[in-house]
Amino acid sequence: MTTPSVLSATGIRAVEVVLPCIELDPTVDFFVDRLGFRLDVIMPADDPAVALLSGYGMRIRLQRGGTGDPGELRLACDEPRAGGADLLTAPNGTRIHLVDAKPPLVIPDSPPLFELTRDDGDVGGVGRAGMRYRDLLPKRQGGRFIASHILIPDAGPVPDYVHHHRVRFQMIYCAAGWVRVVYEDQGPAFVLQAGDCVLQPPGIRHRVLESSAGLEVIEIGCPAEHETTAEHVITLPTPDLRPDRVFQGQRFVRHAAADAVWEPRRLTGFESRDTGIGAGTAGLAGVRVVRSTPSGLQANESTGPAGKVTPGSELIHDGELLFWFVLAGTATLHAQGRPDEPLGKGAAVAIPAGLPHQLAEISADLELLEVTLPATLELRAVEH
Ligand SMILES: [Fe+2]
């Protein structure tokens, strides 16, 4: 975030927005009496044609006889409807929108969708900070979630800046390569290696510093569209180490694959490592890596203890999100009412609540990134 150097020598002191008007007096009165601006300058005295107004950090130059669109202003207010109307029109035609200065975070209330995408080699569009994005959920679960496969092809510094996001949930999983990042109150910059992930609590200041060649990360957020705000005051790293700091109900989580503990999974034939994001989000979201067990599926299928769900059972969940990204290996997804879907590395799928589904033809090297809301998703075997 730099000032264009082309104008740096000009010594800019102030900026005025020029608004045309036909009659000066009623427009000045409106801005002063209705909106609370201050009249600073009027000229010439005998037949005023220009008025300079200021207020709320902005300057307006009203110009009598000026041509062009009278423009729009957005007034960010504590109580935008306290005056009765949220749209005013000034005598010169300028439209004044009164909007909420702190609008609530809106999570689209849309039903979950079945979505499946595969890695077709298309590196996707160029997004913020020069990264390439592949959209893993093109319908965005109706606007509720975004999942991106982000690629940085070349090694080197990443042109990022300290910023934060207005989100309900956001995590990043490093699928290949490495990336050096720094987070507010979480100590010095560190390297996220392949297999590692972080939970970025709402509002935490952070910055991506540099990456290896061929960096690939999976980023999942809710809601799909959210604000990124540049931070101009806080620099990173911050002097304090506060790993237990709570950001809007969530703690920062850093999960390192090298330290992970693999545990048997309820689904026989798989084991998983939990990332700690369930605890960090107080149960809002769970993130784990699931893989075929070294002993293979066949033995477990025949010897699985009673009460366990065995591969081959159709499962159903009633959660908000069940998302898989295939990190390695292959499987076939059977989902009721759909053709069998072969899944390979880079495939991503969202399975909506209520849809009976099962994985079959699971390769010995299958590894999935699984993201669920809530953290503990109840899976039930479908009765036939
Ligand atoms: Fe970010």
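**How the terms apply to this model**

Author: Along the chain, the donors of the iron ion follow the spacing H-x1-H-x40-H. The model is a predicted one, in which local features need pLDDT of at least 70 and side-chain atom pairs count only at pLDDT 80 or more, while totals for chains, interfaces and linings use all residues. Residues are numbered from 1 along each chain as its sequence is written, and side-chain values use heavy atoms, with hydrogens and water left out.

Reader: What makes His-163, His-165 and His-206 donors of the iron ion?

Author: Donors are N, O and S atoms within 2.8 Å of the metal (3.2 Å for Na, K and Ca), and sites may look incomplete because water is not among the atoms. The NE2 atoms of His-163, His-165 and His-206 lie 2.1 to 2.2 Å from the iron ion, and therefore count as donors.

Reader: Why is His-163 called buried?

Author: Buried means under 20% relative accessible area, exposed over 50%, and partly exposed in between (1.4 Å probe, protein chains only). His-163 has 1% relative accessibility and therefore counts as buried, and His-165, at 8%, counts as buried too.

Reader: Why is Leu-7 called partly exposed?

Author: Its relative accessible area is 43%, so Leu-7 falls between the limits for buried and exposed.

Reader: How do you know on which side of α1 the buried residues Leu-24, Thr-27, Val-28, Phe-30 and Phe-31 lie?

Author: Helix α1, a DSSP run (H or I, at least four residues) numbered from the N terminus, spans residues 24-34. These buried residues cover an arc of only 155° around the axis, taken from the directions from the helix axis to the C-beta atoms, which puts them on the same side of α1.

Methods. Helices (H or I, at least four residues) and strands (E, at least two) are DSSP runs, numbered from the N terminus.
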